[in-house]
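Dear colleague,

Please find below the structure that I am handing over to you. My notes on it follow directly after.

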Amino acid sequence: MAPGDDGELVQHDIVWGSATPGLDEAAADAFGEDVYSPAEWPQGGEVHLDGAVYRPVILTARMLAPPAQAPWSRVWNAMRDLVDKHGDDNVRLVVWFG
């Protein structure tokens, strides 16, 4: 996250901690030597590094496959149509990477 035009923090991207040089060390400095992974950070914890703010998040399918962006918009629209026809409990999306 970084400050937007109005000064409020804006999420720019989802990054993996190990992909950000220095983040592990900054987290250890902020939370203690044994706390590196964002999953181990205290609730509400955040790390400031090089002008950005890092916060742990729980990733959801919608974050990784945004419903309004192609090509995922077609998938989510099809899922909504199936839910309308068959009910919420009867529709699942299963993805297999083989």
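Phe-31 is partly exposed, since its relative accessible area is 23%, a value that is neither under 20% nor over 50%. Please bear in mind throughout that this is a predicted model.

Phe-31 also takes part in an aromatic pair. A search of the whole structure finds 1 such pair. Its members are Phe-31 and Trp-41, whose ring centres are 5.4 Å apart; because their planes stand at 45°, the pair is classed as tilted. The pair links distant parts of the chain, 10 residues apart: Phe-31 belongs to helix 1 (residues 23-31), whereas Trp-41 sits in the loop between helix 1 and strand 3 (47-49). Trp-41 has a relative accessibility of 6% and therefore counts as buried, the cut-off being under 20%.

A second residue to note is Ser-73, which is part of helix 3 (residues 72-86). Ser-73 is buried because its relative accessible area, 18%, falls under the 20% limit. When its neighbours within four places in sequence are left aside, Ser-73 is in contact with Pro-66, Pro-67 and Ala-68.

Finally, I turn to the surface. Trp-72, Leu-93, Val-95 and Phe-97 make a nonpolar surface patch of about 440 Å². Of these residues, Phe-97 is found in the segment after helix 3. Phe-97 counts as exposed because its relative accessibility is 74%, which is over 50%.

Yours sincerely

Note on methods. Residues numbered from 1 in each chain as written. Predicted model: local features only at pLDDT ≥ 70, side-chain atom pairs only at ≥ 80, totals over all residues. Heavy atoms only, no water. Phe/Tyr/Trp six-rings, centres within 6.5 Å; stacked < 30°, edge-to-face > 60°. Helix = DSSP H or I, 4+ residues; strand = E, 2+ residues; numbered from the N terminus. Buried < 20%, exposed > 50% of the residue type's maximum accessible area, 1.4 Å probe, protein only. Contact = heavy atoms within 4.5 Å. Patch = residues over 30% accessible without salt bridge, like charges linked within 9 Å, V, L, I, M, F, W, Y side chains within 5 Å. Areas by Shrake-Rupley, 256 points an atom, 1.4 Å probe, with all protein chains shown as cover. Salt bridge = Lys/Arg side-chain N within 4 Å of Asp/Glu carboxyl O.
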